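This report describes the overall form of one protein and then turns to selected sites within it. The sequence and coordinates are shown first.

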Amino acid sequence: MNEKIQALKQSFQQELENAKSSEAVEKLRVAYLGKKGAVTELLKELKDVAGEQKKEMGQHINQLKRQVEEKIAEQVEKIRAEEEEAQIAAAEQYDVTLPVSEEVGSYHPITLVQRELEEIFASMGFTIEDFKEIVTDYECFEAVNIPKDHPARDMQDTYYLENGQLLKTHTSAAQNAIMRKYGAPLRAIFPGRCFRNEATDACHENTFFQMEGIMIDKNISISNLIYFMKTMLSQVFQRDINVRLRPGFFPFVEPGFEMDISCLICGGEGCPSCKNSGWLELCPCGMIHPNVLKAGGIDPEEYTGFAFGLGLTRLVMMKYGVKDIRDLNSGNLKALSQFTHE
Ligand code: FA5
């Protein structure tokens, strides 16, 4: 039996030197220490050995077993370290300073114009607010003086959730929360995505962006409103734009106006983008209705204010000459990447 033990020692040493991968070492472990492995078989044979010799042989076999276990563990660790080094060496062949890809993305034109507007209004002391897209009936309608069953609701049909909440139809839905958050005096703009359940055409989408603005203070008048609207448009377009102000009805302003701009796609001649009128409804506005101030916790006897609801997506169409509003939601990267800025 002693010879057998010595022979196993030698053969194990040789096979171990040839085991250069984790799989090969695992095979070797099974071949020697597994249920039917050589060392295990030797231990089974021990029952046939008699007396003192049994004890001595048992010690030898157990010593062999420990040696095999230790050497296998060492070999496993050695191979793991070698594999790790090989991986690091391979990784070092990459130049981490290279740009990720030749094709870099670009901002959506709506994002670009929104950021431009934010800068313009921030420079005039307006704070920029974010608001949720799913709102309550109160926020979207009742808080802005559109009670249940008011006919003005027909102009803004939307998508309702089972819990009675809805996708906001206009950024005016944020007015109440923002008045309550800051109180008066207050200057804020709040851009956001709006949704309406309506048929689409060249200038109507079911999902589009608006940018609302409110200014509330003592003695705010229509002249303040006109000044801010003109400043905004001249900065966005960097040239004189024909605008017209006409009366418009919105329950949350009194008086209310529609501010239209001369269509820049057709130069005022008439085209599908402006429904052949030569004008594009861009920015309804007006003096905030006392009921809306009251609902926002602001005393209408002390404060007045103006509000406007700029059609941000339409402004983008005019600025970039996009003939069909639906192109902006199309996800057509070829068309949208024309507007890439640095
Ligand atoms: C409103 O949404 C009012 N909340 C605006 C307002 C705010 C008035 C504050 C007074 C004071 P209106 O439904 O007209 O109003 O929409 C405002 C602008 O959003 C429109 O002039 C237009 O530029 C844009 N708009 C409206 N519907 C669509 C649509 N389906 N697709 C693209 N743009 C739209």
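## Overall dimensions

For a compact globule of 342 residues, a radius of gyration near 20 Å would be expected, whereas the protein has 39 Å. The model is a predicted one. Computed along the principal axes in the computational sense, the C-alpha trace extends over about 115 × 45 × 40 Å.

The domain assignment divides the protein into domain 1, covering 2–90, and domain 2, covering 109–339. The centres of domain 1 and domain 2, taken over C-alpha atoms, lie 79 Å apart.

## Composition, surface and charge

The secondary structure consists of 11 helices and nine strands. Of the 342 residues in the protein, 42% are buried. Among contacts between residues at least 6 apart in sequence, 68% link residues that are at least 24 apart.

The exposed area of the protein is about 19400 Å², and carbon and sulfur atoms contribute 49% of this area. The protein carries 38 positive and 52 negative charges, and the mean positions of the two sets are separated by 5 Å.

## Ile72 in helix H4

Helix H4 comprises residues 51–91 and contains Ile72. Ile72 has a relative accessible area of 6% and is therefore classed as buried, the cut-off being under 20%.

Apart from neighbours within four places in sequence, the residues in contact with Ile72 are Phe12, Val25, Leu28 and Arg29. One of these, Leu28, is 44 residues away from Ile72 along the chain, and the C-alpha atoms of the pair are 8.3 Å apart.

## Ser172 in a loop

Ser172 belongs to the loop that connects strand S3 (166–167) with helix H7 (175–182). Its relative accessibility is 4%, so Ser172 counts as buried.

When residues up to four places away in sequence are set aside, Ser172 touches Glu139, Val144, Glu212 and Phe252. Glu212 falls within strand S5, which spans 207–217.

## Pro255 in strand S7

Strand S7 covers residues 253–262 and includes Pro255. With a relative accessibility of 31%, Pro255 counts as partly exposed.

Beyond neighbours within four places in sequence, Pro255 makes contact with Ile222, Cys285, Gly286 and Met287. Pro255 and Met287 are separated by 32 residues in sequence, and their C-alpha atoms are 5.8 Å apart in space. Cys285, Gly286 and Met287 fall within strand S8 (279–288), and Ile222 falls within helix H8 (222–237).

## Helix H10 and its surroundings

Helix H10, formed by residues 312–320, is mostly covered, with seven of its nine residues buried. The buried residues are Leu312, Thr313, Arg314, Leu315, Val316, Met317 and Met318.

Several elements take part in covering these buried residues. Among them are the helices H5 (109–123) and H8 (222–237), together with the strands S5 (207–217), S7, S8 (279–288) and S9 (304–311). Strand S7, which contains Pro255, is thus also one of the elements that cover the buried residues of H10. After H10 comes Gly321, which has a positive phi, near 70 degrees.

Definitions and conventions
Residues are numbered from 1 along each chain as its sequence is written. This is a predicted model: local features need pLDDT of at least 70, side-chain atom pairs count only at pLDDT 80 or more; totals for chains, interfaces and linings use all residues. Side-chain values use heavy atoms; hydrogens and water are left out. Helices (H or I, at least four residues) and strands (E, at least two) are DSSP runs, numbered from the N terminus. Buried means under 20% relative accessible area, exposed over 50%, partly exposed in between (1.4 Å probe, protein chains only). Contact means heavy atoms within 4.5 Å. The radius of gyration is taken over C-alpha atoms; the globule rule is 2.2 Å times the number of residues to the power 0.38. Accessible areas come from the Shrake-Rupley method with a 1.4 Å probe; for residues, only the protein chains shown count as cover. Lys and Arg count as positive and Asp and Glu as negative; His and the chain ends are not counted. The place of a charge is taken as NZ of Lys, CZ of Arg, CG of Asp or CD of Glu. Domain bounds come from an automatic or database domain assignment.
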